[in-house]
Amino acid sequence: MTQDILDNVEFDAEGFMVKASDWTKEIGEAIAEALEVELTDRHWHVIDFARTDFEESGEPPTLRRITKQTDVDMKEIYQLFPDGPAKLAANIAGLKKPTGCI
Amino acid sequence: MAKPSRALHKSSGTNGNRKLALIASKGSLDMAYPPLILANAARMSGIDVEMFFTFWGLDMITKKKMKNLNVATVGNPNMHPWFHIPTLLGALPGMSAAASWMMRGEIKKLGFPRVPEFIEQLIDAGANVYGCKMSMDMMKLTEADLVDGAIVLGAMEFMDLTEGAQIVFV
């Protein structure tokens, strides 16, 4: 029933949150469940960094930025978020769709 | 408005079976980046990537050459105005090195990795990297000369691997 929480959240046509400031950890968990991603501490490490970085820059971090600024390397991030780490991480973190091409 | 779901991440290799085949045939610094950037964007979106390096493109994955790719300053109509060099001057010694140095600086400013690091990043990201067998025979190279993780492959085998893929030739 964790999915009910998403009923009151505003998403765009691609399933990304419209207002990043509405995000809570519970919403993040529900989005991850909908995306079939099982969250571990390592996922949260990436999500927390993405949130903090977004607050400073206004853009979801690129994968390169995540791997340079955290101890999560490129191989691991693709294991954590298979099938599109840039989009999946931003989606779960409640951020808009990333546009950076690196 | 749509709730997040796996189906919305359509381009994903698992969901959509989308696969991109990139053939990199140029070994100059300016022509090395387009296939690398496209391959990286594809992997970031969850699209499967097969990269075939052929002819001068092989320089991009050859250990001895990948660090020192250069911009051609003669006969290159694609020069950015900022480092545009008239053809006659471009033939002077050091011109290509200077233009390459400038371009590396611009690439660094954008936060893009240099070619060897970019290739390593792509392999870590799960892109498959192949060296063209025929070109390697011609240049007297073996798999040991290629970056770790690269595999030697014939063109026909590459065709088999990329059935149904979208193919981009650079």
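Putting chain B and chain A together buries about 2,500 Å², with carbon and sulfur atoms giving 57% of that; buried area here is the accessible area (1.4 Å probe) that the two parts lose on being put together, summed over both. This is a predicted model, where local features need pLDDT of at least 70, side-chain atom pairs count only at pLDDT 80 or more, and totals for chains, interfaces and linings use all residues. Residues are numbered from 1 along each chain as its sequence is written, and side-chain values use heavy atoms, leaving out hydrogens and water.

On to who touches whom: 25 residues of chain B are in contact (heavy atoms within 4.5 Å) with 32 residues of chain A. Four salt bridges link the two chains, counting a side-chain nitrogen of Lys or Arg within 4 Å of a carboxyl oxygen of Asp or Glu. One salt bridge pairs B:Glu117 with A:Lys68, whose closest N and O atoms sit 3.2 Å apart. On the chain B side, α2 (29-44) and α5 (115-124) each supply at least two residues that touch chain A; helices are DSSP runs of H or I, at least four residues, and strands are runs of E, at least two, numbered from the N terminus.

Now for some backbone oddities. Most residues other than glycine have a negative phi, but these two in chain B have positive values:

| Residue | Phi | Loop in chain B | Relative accessible area |
|---|---|---|---|
| B:Phe55 | near 45° | between β2 (48-53) and α3 (87-90) | 34%, partly exposed |
| B:Lys140 | near 55° | between α6 (133-138) and β4 (151-153) | 72%, exposed |

Buried means under 20% relative accessible area, exposed over 50%, and partly exposed in between (1.4 Å probe, protein chains only).

Definitions and conventions:
Chains lettered and ligands numbered in written order.
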